[in-house]
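Student: I'd like a close look at one part of this model, and I keep getting lost in it. Could you pick a part, walk me through it slowly and then show me what else is there?

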Amino acid sequence: MECEICGKHEARYVVMIEGAKLNACPVCAKGAKIISEIKNNEYKTKKGGKQYETEKNKTQIEKEVSEDYANIIMQGLKNMTLSVDVLAEKLNIKYSYLNHIVHGKIMPDIKLASRLEKELNIKLIEDVVIETGGKQKKSDDRLTLGDIIEVD
Ligand SMILES: [Zn+2]
């Protein structure tokens, strides 16, 4: 049911205006004498918007250590003219452990990676966007004409 005053919104109230009973939306009902509320079941189902919720892709950003961590750390050591043992001492970790990391044998966890970032002034941690639920994005080799138009 439409508001009989503005005709734009859903009427929610029956109001008395200049002796006439009119169906009015909450905006138009403001300041008018409200006689009764319209209990309109349609109102809720129309504005439910269920489809919107389920189609919406939920994305989540996670932090991940770069796969190229060994090279990045090596470069950082060079730039700072630090040796592995000095860095190990600074970080208060075992030399052998750090040596394994520098040679790409062990991937540092996020905590250690962020300490390495600060110590060597490097960028080790990447933000990875993970899509949970919703439609999976098509991989590049499976582009359809529709996808190309969309991207453009
Ligand atoms: Zn209105």
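**From the overall fold to a helix pair and a core**

Tutor: Sure! The secondary structure of this protein comes to 8 helices and 5 strands; these are DSSP runs, with helices being H or I over at least four residues and strands being E over at least two, numbered from the N terminus. Bear in mind that the model is predicted, so local features need a pLDDT of at least 70 and side-chain atom pairs count only at pLDDT 80 or more, while totals for chains, interfaces and linings use all residues. Residue numbers start from 1 along each chain as its sequence is written.

Going along the sequence, the pattern reads β-β-α-β-α-α-β-α-α-α-α-β-α. Of the 152 residues, 16% are buried; that takes 20 or more other C-beta atoms within 10 Å of a residue's own, whereas 12 or fewer makes it exposed and anything in between partly exposed, with C-beta atoms placed from the backbone.

Now for the close look, which is the pair made by helix 5 (residues 84–91) and helix 6 (residues 95–102). Their axes come within 9 Å and cross at roughly 120°; the axes are lines fitted to C-alpha atoms over the stretch in contact, and angles run from 0 to 180 degrees between N-to-C directions. The crossing is right-handed, that is, the near helix is turned clockwise from the far one by less than a right angle (anticlockwise would be left-handed). Helix 5 brings Val84, Asp85, Leu87 and Ala88 to the contact, and helix 6 brings Tyr95, Leu98, Asn99 and Val102. A contact here means two C-beta atoms, placed from the backbone, within 7 Å. By class, that makes 6 nonpolar, 1 polar and 1 charged residues.

The loop between helix 5 and helix 6 holds Asn92. Its phi is near 60°, a positive value in a residue other than glycine. Asn92 counts as exposed because it has 7 C-beta neighbours inside 10 Å.

Helix 6 also leads us to the core. The largest nonpolar core has 13 residues, and Ile73, Leu116, Leu120, Ile122 and Leu124 touch the most other members. At least two of its residues come from each of helix 4 (69–79), helix 6 and helix 7 (110–120). A nonpolar core is a set of buried Ala, Val, Leu, Ile, Met, Phe, Trp, Tyr and Cys residues joined through C-beta atoms within 7 Å. Leaving aside residues up to four places away in sequence, Leu124 touches Val65, Ser66, Tyr69, Ile72, Ala113, Leu116 and Glu117.

Just after Leu124 comes strand 5 (residues 125–132), where the count of buried residues among its 8 residues is 0. Strand 5 is joined to strand 4 (residues 58–65) by 8 bridges, and the two run antiparallel; two strands pair if DSSP finds at least two bridges between them. Across that pairing, Val65 stands opposite Ile125. In the loop between helix 7 and strand 5 sits Asn121, which has a positive phi of about 55° although it is not a glycine. Asn121 has 10 C-beta neighbours inside 10 Å, so it counts as exposed.

Apart from the core around Leu124 lies another, of 8 residues, among them Cys3, Val15, Ala24 and Cys28. Back at the start of the chain, Cys6 is in the segment before strand 1. Cys6 counts as exposed because it has 12 C-beta neighbours inside 10 Å. Not counting residues up to four places away in sequence, Cys6 touches Cys25, Val27 and Cys28. Cys6 and Ala24 are 18 residues apart in sequence and 8.0 Å apart in space, C-alpha to C-alpha.

That leaves an open sheet of 3 strands, ordered 2-1-3 with antiparallel pairing. Its edge strands are strand 2 (20–24) and strand 3 (33–37), each pairing on one side only. The twist averages 30° from one strand to the next. Strand 1 (residues 13–17) and strand 3 share 4 bridges, and Tyr13 has Glu37 as its bridge partner in strand 3. Strand 3 is hardly covered, with 0 buried residues among its 5 residues.

Conventions. Ala, Val, Leu, Ile, Met, Phe, Trp, Tyr, Cys and Pro count as nonpolar, Asp, Glu, Lys and Arg as charged, and the others, Gly among them, as polar.
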